[in-house]
Amino acid sequence: MHEIGIESSLVEAIRSGEKTIEGRLGTPKLLDIKEGDTLSVREDIWREGEIIGSHEEHVALKVTQVLYFENFTEMFQAVNYEAVIPAAKNAEEARAVYDTFYNDKDELEYGVVALFFELL
């Protein structure tokens, strides 16, 4: 089982079934996740770009598909932005959310992984 942290409001969107895709940099930890794997999602609390705490309760997910992209813009051209960032009004707004967490240099170095999932 793999553990990842996701910002609080997005964990609520997972629980409600609105969020069904998680996009991340393709770091070695994320590249190790495969279709059929189970994810334990920790609910992280962010403030000013930093995690300031986490809730102990986790959400269990099953990975149903894994796609790889060069960057988040390419990912949002291929997947439904609302399944990634449900509150976004368009793909550009969803991309802007990722810009608060990641920079262009990291995208260039690692690429992007889109994890499709379902609640367990």
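Here is a quick tour of some salt bridges, strands and a pocket in this structure. Keep in mind that the model is predicted. There are 7 salt bridges in total, and several of them come together around Arg95, where Arg95, Asp99, Asp104 and Glu107 form a linked network. Elsewhere, strand 2 (residues 21-25) pairs with strand 5, and the second largest pocket holds about 170 Å³ of space.

**The network around Arg95**

- Start with arginine 95, which sits in helix 5 (residues 91-99) and counts as buried, at 13% relative accessibility.
- One of its partners is glutamate 107, and the closest N and O atoms of that salt bridge are 2.6 Å apart.
- Glutamate 107 belongs to helix 6 (residues 104-110), so its bridge to arginine 95 ties together parts that are 12 residues apart in sequence.
- Another partner is aspartate 104, with 3.5 Å between the closest N and O atoms.
- The two partners of arginine 95 sit in contrasting surroundings: glutamate 107 is buried, with a relative accessible area of 4%, whereas aspartate 104 is exposed, with a relative accessible area of 57%.
- Asp99 is part of the picture too, as a member of the salt-bridge network with Arg95, Asp104 and Glu107.

**Glutamate 22 and its neighbors**

- Look next at glutamate 22, which is found in strand 2.
- Why does glutamate 22 count as buried? Its relative accessibility is 6%, and the cut-off for buried is under 20%, so glutamate 22 falls within that class.
- Glutamate 22 makes a salt bridge with arginine 24, and their closest N and O atoms are 2.6 Å apart.
- Arginine 24 is buried as well, so both ends of this salt bridge are buried.
- The side chains of glutamate 22 and arginine 24 are also joined by a polar contact of 2.6 Å.
- Lysine 19 is another side chain in touch with glutamate 22, through a polar contact of 2.9 Å.

**Strands 2 and 5**

- Strand 2 (residues 21-25) runs antiparallel to strand 5, and the two pair over 5 bridges.
- To find a spot where they meet, look at leucine 25: its bridge partner in strand 5 is valine 112.
- Is strand 5 (residues 112-119) largely enclosed or largely open? Of its 8 residues, 6 are buried, so strand 5 is largely enclosed by the rest of the structure.
- As a general point, side chains in a regular strand alternate between the two faces of the sheet.

**Helix 1 and the second largest pocket**

- Which residues line the second largest pocket? They are Glu7, Ser9, Leu10, Ala13, Glu18, Ile85, Pro86, Ala87, Val97, Thr100 and Phe101.
- Sorted by class, that lining has 7 nonpolar, 2 polar and 2 charged residues.
- Helix 1 (residues 8-16) gives the most to the lining, with 3 residues.
- Within helix 1, the buried residues include Leu10 and Ala13, along with Ser8, Val11 and Ile14.
- Leu10 and Ala13 also appear in the pocket lining.
- After helix 1 comes glycine 17, whose phi is positive, near 90°.

Key
Residues are numbered from 1 along each chain as its sequence is written. This is a predicted model: local features need pLDDT of at least 70, side-chain atom pairs count only at pLDDT 80 or more; totals for chains, interfaces and linings use all residues. Side-chain values use heavy atoms; hydrogens and water are left out. A salt bridge is a side-chain nitrogen of Lys or Arg within 4 Å of a carboxyl oxygen of Asp or Glu. Buried means under 20% relative accessible area, exposed over 50%, partly exposed in between (1.4 Å probe, protein chains only). Helices (H or I, at least four residues) and strands (E, at least two) are DSSP runs, numbered from the N terminus. Two strands pair if DSSP finds at least two bridges between them. On a 1 Å grid over the protein atoms alone, a cavity is a set of points where a 1.4 Å probe fits but cannot get out, and a pocket is an open set with protein on both sides within 12 Å along at least five of seven lines; lining residues have an atom within 4 Å of a point. Grid points are joined across faces, edges and corners, and a volume is the space filled by probe spheres set on the points. Ala, Val, Leu, Ile, Met, Phe, Trp, Tyr, Cys and Pro count as nonpolar, Asp, Glu, Lys and Arg as charged, and the others, Gly among them, as polar. A polar contact is a pair of N or O atoms within 3.5 Å; within protein, one must be able to donate a hydrogen and the other to accept it, and residues adjacent in sequence count only if both atoms are side-chain atoms.
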